[in-house]
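Visitor: I would like to go through this model and ask what stands behind each label.
Guide: Then let us look at it together.

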Amino acid sequence: MTDMPIENAGAAPAPRKGSLLEQDARTRKRNRAEARFKAYGILAIAMGLLMLVILLTTIVGRGTGAFQQTFLTVEVELLEEKLDKKGNRDLADIKKVSTFGYAPLMRAALEAKVAEIGFETDLKSKEMAALLSKSAAADLRNFVLENPDMIGETVEFKFLAQSRVDGYLKERVTRASIANDKNISAAQLDLVDALVAEGSLQKQFNLAFITGADASDQRPEAAGMGVSMIGSLFMMLVVLVLALPIGVAASIYLEEFAPKNWITDIIEVNIANLAAVPSIVFGILGLAVFINYMHLPNSAPLVGGLVLTLMTLPTIIISTRASLKAVPPSIRDAALGVGASKMQSVFHHVLPLAAPGILTGTIIGLAQALGETAPLLLIGMVGFIASNAPETIGEGLMSPNSAMPAQIYEWAKRADPAFYERAWGGIIILLVFLITMNAIAVMLRRRFERRW
Amino acid sequence: MSLTKLTTSALAIAALSATTAAARDQVQVAGSSTVLPYASIVAEAFGENFDFPTPVVESGGSSAGLKRFCEGVGENTIDVANASRKIKDSEVAVCAENGVTDIIEVRIGYDGIVFASDINGNTFEFTPVDWYRAVSDKVVVDGALVDNPYTTWDQVNPAFPAQPIQAYVPGTKHGTREVFEDKVILAGCEETGDFEVIKAAMGDDKKAAEKACIALRTDGKSVDIDGDYTETLARIDSNKDGIGVFGLAFYENNTDKLQVATMSGIVPSTESIATGEYPVSRPLYFYVKKAHIGVIPGLKEYAEFFVADEIAGPDGPLAEYGLVSDPELADTQGVVADEAVLGGGS
């Protein structure tokens with residue numbers, strides 16, 4: 001092979017006719033092919049960018065609404081005769097009044113409000129109170145239970161408005177679209193207009209969407225991502241605590257210590273295959289092993305974390321091995337040369353140099369696990385679950401919870417269109433998390449990675 | 001190494017927490033996706049008004065829920081199964097095999113099944129016969145059983161517009177499908193007289209004839225939707241000729257996109273379903289494991305709260321959401337209070 005070009009060089013090509021500056025047919029053809037290829041490349045990138053722009057504008061356009069919510073400010077008189085009939089301020093007695101017992105207070109408050117702004121209407125007080133979210137009575141009850149001394153006083157509250165009113169202010173609900181809707185009437189919308197003009201009904205930033213718990217189908221306006229975020233957090237904790245040490249230990253052994261034979265070859269092939277296994281398979285495995293066999297509780301973030309650990313392990317092993325491989329052998333040789341043991345050479349020299357690559361791989365693996373929904377469906381993390389915020393770490397791991405992507409999936413399924421908006425809003429929060437994690441990974445790589 | 005220290009301590013924490021959280025303190029519910037919204041409304045109000053944590057409600061379908069319910073007794077099994085149909089004898093047998101012998105059956109009310117299409121499309125007034133002819137696999141034409149030849153609605157019934165047949169029906173894992181088959185397709189099959197022809201062809205085997213009646217066409221004119229009603233709605237959004245099968249509550253939340261068809265001349269509403277005029281409705285249930293009462297805190301309170309007048313009554317939040325409340329609610333309350341189990345035992 002090596003002397004071939006020399007022989008060829010001896011045989012001179014046929015003398016070229018015409019000017020050198022003038023391209024012959026062949027050259028033109030090759031140049032055209034190159035130009036075409038460049039155009040295809042640019043087109044492909046443009047298509048990709050266009051898709052990204054469409055995706056992001058859709059998500060932002062549909063989701064930002066969820067971060068704003070309509071609130072109605074009213075003054076509620078906390079009637080003693082309704083809330084504490086015996087008048088002894090005994091908390092046990094006050095607790096006996098259920099949220100249904102608070103409905104008359106809300107009706108009276110709304111009636112007073114309508115009278116105050118001087119709005120003429122045929123609406124009954126029940127229909128007026130229907131402008132408020134169903135969660136308002138629960139808010140009021142919690143306030144009374146926390147401040148029993150306030151019974152008998154008149155207190156100003158800022159309650160959530162019901163989802164149709166909110167939709168009307170966000171122009172999702174129009175007068176035309178409510179023709180057959182039994183949740184709101186045109187007369188109620190007239191009252192809404194009057195309240196908006198007066199200023200007590202207004203949209204504002206809704207922190208509860210980010211921090212709050214899930215809400216039932218009747219009150220989409222009160223639903224939030226907070227508790228499912230905690231669920232995701234605990235799952236990521238489990239993944240980090242289990243997958244990182246196991247993955248790093250496995251790859252150090254395979255890369256630095258293991259003998260090269262057919263057993264390690266089989267292990268390598270299997271790890272590479274595991275990385276390509278669909279995540280739902282890990283879900284079924286988790287259901288069979290962790291829940292049915294080991295009797296861990298259903299819907300627990302611990303189980304979710306274990307399943308996602310299985311899923312993330314191959315990713316971490318593969319990226320760790322790649323970064324260990326990237327450390328030049330001369331470093332190992334130098335360490336061994338000055339008398340370090342094999343283990344010292346690995347832990348004192350190779351591992352620190354490979355650390356940025358390992359961390360990057362881990363963060364990307366975590367980001368992948370954070371966005372995973374399919375295995376969670378099988379271990380019971382979808383449904384009306386994310387309603388109790390955990391109080392301790394043990395409870396956070398063991399008590400039922402959902403995860404961010406599972407919560408988004410759950411909202412997208414529900415009947416009320418207001419939940420759909422929240423699903424898009426949830427996607428924004430999830431994307432913010434993913435982009436932050438990936439940005440950290442990129443930063444780590446830029447800052448600490450060494451090239452040889 | 002700090003890494004190893006970190007790992008061991010983390011594992012220790014995990015092991016410790018696993019042992020501390022042994023006792024479950026919230027009610028766990030799973031089952032029908034039709035009952036899910038009602039159950040979550042009740043669970044939420046329950047969490048607000050009692051000192052117990054909010055119950056956990058999962059969906060997955062009636063059959064899946066009852067299967068998990070019958071897995072056995074103990075904290076790792078669910079306490080309540082929601083179902084959009086009555087529990088089957090075979091399921092009761094499986095339950096008994098696994099030690100779940102005392103089951104309390106609670107009927108919470110009724111749910112209507114409606115046929116709805118795009119709001120700007122044609123209006124329909126259906127009868128079961130129309131649906132049987134439109135979506136059945138085989139129909140009788142001129143005395144002979146043939147593959148369904150109809151492609152547009154006006155071929156099914158001359159009163160209808162010439163709109164292509166495109167039906168979206170719930171998949172077989174849904175309880176809704178069973179009601180659709182029983183009360184619409186089979187009813188239509190019998191009304192047209194096709195049933196007798198099929199029965200004769202099957203050698204007078206009634207069961208086989210029923211099965212043949214409810215077989216739906218597989219040429220793409222009728223599509224099984226295995227997902228939720230939101231998927232059916234999305235299909236109708238993209239194909240304006242589509243007609244879908246929905247729960248009444250779902251339709252009432254999406255009246256800006258859907259128009260509802262009448263069935264046998266009756267407009268579906270909570271009233272017409274309560275009186276029994278609207279033919280396509282079914283009872284909704286939940287099943288409670290009696291062995292868990294007293295073990296899982298709040299289980300009995302949850303069941304009682306679910307059927308209380310202020311929740312499941314005609315003015316309660318469930319009726320507001322679309323449940324047709326049970327006229328015999330007082331009896332049901334009695335069942336829950338006495339913890340009366342299925343089969344009349346104890």
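Visitor: Which residue of S2(B) is the bridge partner of Gly383(A)?
Guide: Glu58(B) is that partner. The model is a predicted one.

Visitor: What makes S4(A) and S2(B) a pair of strands?
Guide: Strands pair if there are at least two bridges between them. Two bridges join S4(A) to S2(B), residues 56–58 of chain B, so the criterion is met. The two strands run antiparallel.

Visitor: How many residues are in contact between chain A and chain B?
Guide: On chain A there are 40, in contact with 41 of chain B. H18(A) gives the largest share of the chain A side, five residues. By class, that side has 17 nonpolar, 15 polar and eight charged residues.

Visitor: Why are H16(A) and H20(A) called roughly antiparallel?
Guide: The axes of H16(A), residues 342–370, and H20(A), residues 417–448, cross at roughly 170°. Angles over 145 degrees count as roughly antiparallel, and the two helices therefore earn the term. Their axes come within 9 Å.

Visitor: Which residues make the contact of these two helices?
Guide: Among them are Pro356(A), Leu359(A) and Ile363(A) of H16(A), and Phe433(A), Leu434(A) and Met437(A) of H20(A). The residues of this contact divide into 14 nonpolar, two polar and one charged.

Visitor: What makes S2(A) and S3(A) edge strands?
Guide: Each pairs on one side only. The sheet is open, with three strands in the order S2-S1-S3 of chain A and antiparallel pairing. From one strand to the next, the twist averages 35°.

Visitor: How do you know that S1(A) and S2(A) pair?
Guide: Pairing needs at least two bridges, and S1(A) and S2(A) have seven, in the antiparallel sense, so they pair. In S2(A), Phe157(A) is the bridge partner of Val74(A). H7(A) packs on the sheet, touching S1 and S2 of chain A, and its direction makes about 140° with that of S2(A).

Visitor: Which residues have the most contacts inside the largest nonpolar core?
Guide: They are Val42(B), Phe286(B) and Tyr287(B), in a core of 161 residues. H11(A), residues 226–257, gives the largest share of this core, 13 residues.

Visitor: What does Phe286(B) touch, leaving aside residues up to four places away in sequence?
Guide: The residues touched by Phe286(B) include Val35(B), Val80(B), Asn82(B) and Ile108(B). A second, separate core has 35 residues, including Ala109(A) and Val165(A).

Notes
Residues numbered from 1 in each chain as written. Chains lettered and ligands numbered in written order. Predicted model: local features only at pLDDT ≥ 70, side-chain atom pairs only at ≥ 80, totals over all residues. Core = buried A, V, L, I, M, F, W, Y, C linked by C-beta atoms within 7 Å. Buried ≥ 20, exposed ≤ 12 C-beta atoms within 10 Å, placed from the backbone. Helix = DSSP H or I, 4+ residues; strand = E, 2+ residues; numbered from the N terminus. Contact = placed C-beta atoms within 7 Å. Axes fitted to C-alpha atoms, helices over the stretch in contact; angles between N-to-C directions. Parallel < 35°, antiparallel > 145°, perpendicular 65-115°, else oblique. Nonpolar A, V, L, I, M, F, W, Y, C, P; charged D, E, K, R; others polar.
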